[in-house]
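Reader: Could you take me closely through one part of this model, its strands and what lies across them, and then place that part in its wider setting? I would prefer a careful account, with the pairing described residue by residue where possible.

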Amino acid sequence: MGELRKKAQGLAAKPWFRMPRQPMLRHLSYAAVAVVFLYFLTQKLSAFNDYEVGEIAFYVVALAGLTLLTGVNGQISLGHGGFMAVGGFTLALLVEHTKWNVVPELAIAIVTSALVGALIGIPATRLRGPYLAGMTLMVALGLPYLTNQYDSFFGGDQGLTTPQPIGPASINPEQWLAWIQLACALIVLILLGNLLRSRFGRSFRAVRDDEIAASLAGIHVARTKVIAFMVSAGCAGLAGALLALSAGGVNSAEFPLSISIYLLAGMVIGGTGSLMGVWWGAILIVYLPTSWAPSLANHFHVNSQVSANLAVIIFGLVLVVGMLVAPGGIQGALRWVAVRVGAYFSPDGVPNMKLSLQEAPTDRAVHDSESVTQADKPGV
Amino acid sequence: MPVLEIEDLSVSYGAVHALTDVSFTAAEGEVTAVLGANGAGKTTLLRAITGLVRPRKGTVRYDGEQLDKMSVEKIVRHGVAHVPEGRSVIEEMTVDENLRLGALWRFSRRQRGPVIEEIYGLFPPLAERRRQHANTLSGGERQMLAIGRALVSRPKVLLLDEPSLGLAPIVTARLMAVLRDLTQASNLIVVLVEQNARSSLSIAQKAVVINLGRVVVCDDAAKLAGDTELRHHYLGY
């Protein structure tokens with residue numbers, strides 16, 4: 001082990017590769033790596049697995065928006081399923097009434113849901129905590145069912161159909177759709193990553209931590225909160241539109257309350273406020289309710305009433321246990337490990353915080369450990 | 001010469017009258033000490049000036065402009081900086097980020113660097129901790145950071161609420177010396193709310209004593225410090 005450690009220390013002293021410091025360049029290089037990885041992944045996978053990868057991608061989009069709103073800006077939302085419905089129905093209506101390309105359709109879905117987000121976000125600036133959760137809950141419950149009220153326009157229970165976009169003939173449609181969805185996810189992550197590094201990101205966090213201090217620093221608190229809501233709802237709308245493409249149609253039953261709750265739980269489990277953590281949350285949302293929970297129910301022969309709700313129960317359990325064991329979620333736990341491994345191999349034994357992938361740190365444990373280690377070492 | 005003018009300012013919280021007809025002016029290059037017992041309305045006065053509470057009547061003017069109808073961030077952008085009680089800093093941000101936050105609306109990204117270095121020059125202990133999160137700072141360092149964040153936007157009016165609260169006497173003395181020099185060097189209008197009358201009178205040119213929401217004394221600081229009877233009656237020393 002000593003040999004290995006020495007070797008690693010030698011490497012650490014002379015890094016052969018360094019990520020660019022400029023945020024846009026750095027995020028683009030992460031994305032480039034992701035593109036190569038995901039390209040080969042989708043090539044290897046079956047059509048059904050491609051479909052699941054696409055699902056993960058649109059949940060990444062929705063979770064990234066939610067983590068910006070709740071994790072970074074501190075506004076809780078139980079209504080993101082509602083914003084997804086807005087995006088999904090917007091796309092479906094455009095498909096029905098126009099002959100446009102999928103790109104402008106997605107763009108309009110984003111804009112529409114961002115505007116609805118502003119409508120909800122403006123009164124939300126006056127509410128906090130449980131009251132805000134209650135109000136956004138109404139969005140999740142109300143908005144999808146509103147479409148049932150206007151049957152002729154929204155297609156009632158049947159909903160509207162959204163045919164899959166057709167790519168080049170050589171590529172199968174599932175793969176093409178998965179690529180579109182993955183491209184959207186990567187673009188959203190790059191843009192949000194940059195946004196969080198910008199003055200807006202700093203304002204979002206300042207407003208979350210102390211509204212009075214933020215306003216005394218010249219930040220327009222209400223405007224900042226509404227902007228966060230709009231960006232977040234826009235992401236949810238894009239996710240909803242991408243979901244509609246996967247499902248081949250939209251109807252109100254596609255956006256149940258559970259989707260909003262899964263999103264909130266997935267965000268917390270992935271790592272609140274972490275843009276990288278959303279991948280973990282998305283994987284959980286895709287596989288837990290449809291694949292893991294049913295096979296678990298089969299294995300233990302539980303009755304149908306339990307098995308129908310098993311996913312929600314597991315989500316709740318994971319949430320409670322997760323928060324006790326790893327308050328920073330999966331991403332926070334990974335960073336915790338990375339920092340410690342880094343400390344073991346670094347020449348002075350001090351954790352290197354640059355290892356952390358997250359722009360907006362919320363994991364207190366990591367910071368505390370850093371300051372303690374520094375205080376313990378004389379002369380550091 | 002621009003002054004901060006407070007005229008007939010009254011603030012009430014429901015049926016409780018926190019301030020009644022408070023009037024005084026604070027001039028450039030001077031420290032105006034606001035003194036008084038607990039519950040006298042000193043904090044409310046500062047909160048009313050920056051719009052954190054709305055006055056029931058009366059006006060606040062700076063340089064002829066009426067501030068009391070503006071939103072908080074607009075008042076801040078008119079050059080009024082407020083350091084609230086309890087060293088309000090953004091705990092989850094580093095020292096550097098807190099300072100950047102204060103400079104955000106005022107300076108471009110390129111200008112921010114040198115402006116922040118100036119603050120580090122003013123408060124050297126902060127420079128050593130610039131990458132540390134604000135929740136790891138000591139009380140005195142936090143207060144320095146809170147004041148630094150207010151100063152980084154180069155305000156014209158600085159409102160300080162109990163900056164010496166909970167600080168060691170030597171830290172307070174250093175803080176007061178920095179404030180005194182800064183007030184003269186940058187021609188600031190400083191309104192200093194303090195329980196600690198002795199230390200604030202030592203750097204103030206003017207003093208306003210508030211008792212139960214009313215101004216009872218408004219005079220030269222030196223005169224108040226010399227008047228044993230007044231001092232004894234209102235300031236308790």
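Author: Strands here are DSSP runs of at least two residues and helices are runs of at least four, both numbered from the N terminus, and two strands are said to pair if DSSP finds at least two bridges between them. This is a predicted model, and the part I will follow is the antiparallel sheet of chain B, beginning with its hairpin. In the hairpin of S1(B) and S2(B), two residues lie between the strands, and Gly14(B) takes a positive phi near 65°.

The two arms of that hairpin are strand S1, residues 4-13 of chain B, and strand S2, residues 16-26 of chain B, which pair in the antiparallel sense over seven bridges. Within this pairing, Leu9(B) stands opposite Val22(B) in S2(B). S1(B) also pairs with strand S4, residues 57-62 of chain B, again in the antiparallel sense, over five bridges. Two residue pairs give the register of S1(B) against S4(B): Ser10(B) stands opposite Lys57(B), and the bridge partner of Glu5(B) is Arg61(B).

Taken as a whole, this is an open sheet of four strands of chain B in the order S2-S1-S4-S5, with antiparallel pairing. Its edges are S2 and strand S5 (65-66) of chain B, each of which pairs on one side only.

Across this sheet lies a helix, H1(B), which is in contact with S1, S2 and S4 of chain B and runs at about 65° to S2(B). Is helix H1 (residues 42-49) of chain B enclosed by the rest of the structure, or left open? Seven of its eight residues are buried, so H1(B) is largely enclosed by the rest of the structure. The buried residues are Lys42(B), Thr44(B), Leu45(B), Leu46(B), Arg47(B), Ala48(B) and Ile49(B), a list that includes the lysine and the arginine beside leucine, alanine and isoleucine. After H1(B) comes Gly51(B), whose phi is positive, near 85°.

The wider setting includes another sheet of chain B, also open, with six strands in the order S6-S7-S8-S3-S9-S10 and mixed pairing. Strand S6 (80-83) and strand S10 (214-220) of chain B are the edge strands, each pairing on one side only. Neighbouring strands of this six-stranded sheet are turned against each other by 15° on average, direction ignored. One of its parallel pairings is that of strand S3, residues 30-35 of chain B, with strand S9, residues 206-211 of chain B, joined by four bridges; there Thr32(B) has Lys206(B) in S9(B) as its bridge partner.

Helices lie across this sheet too. Helix H6, residues 139-151 of chain B, lies across S6 and strand S7 (157-161) of chain B and runs at about 170° to S6(B), whereas helix H10, residues 228-235 of chain B, lies across S3, S9 and S10 of chain B at about 145° to S10(B). A further helix, H7 (residues 169-185) of chain B, contains Leu182(B), which counts as partly exposed because it has 17 C-beta neighbours inside 10 Å. Leu182(B) and Gly29(B) are 8.7 Å apart in space, C-alpha to C-alpha, although 153 residues separate them in sequence.

For the chain as a whole, the secondary structure of chain B comes to ten helices and ten strands. Its radius of gyration is 17 Å, close to the 18 Å that the globule rule gives for 237 residues, so chain B is as compact as a globular protein of that length. Its C-alpha atoms fill a box of roughly 50 × 40 × 35 Å along the principal axes, and 47% of its residues are buried. Of the contacts in chain B with a separation of 6 or more, 67% are between residues 24 or more positions apart.

Chain B also meets a partner: 25 of its residues are in contact with 17 residues of chain A. Helix H2 (72-77) and helix H3 (95-103) of chain B each supply at least two residues to the side of chain B that touches chain A, and by class that side has ten nonpolar, eight polar and seven charged residues.

Notes: Residues numbered from 1 in each chain as written. Chains lettered and ligands numbered in written order. Predicted model: local features only at pLDDT ≥ 70, side-chain atom pairs only at ≥ 80, totals over all residues. Axes fitted to C-alpha atoms, helices over the stretch in contact; angles between N-to-C directions. Contact = placed C-beta atoms within 7 Å. Nonpolar A, V, L, I, M, F, W, Y, C, P; charged D, E, K, R; others polar. Rg over C-alpha atoms; globule rule 2.2 N^0.38 Å. Buried ≥ 20, exposed ≤ 12 C-beta atoms within 10 Å, placed from the backbone.
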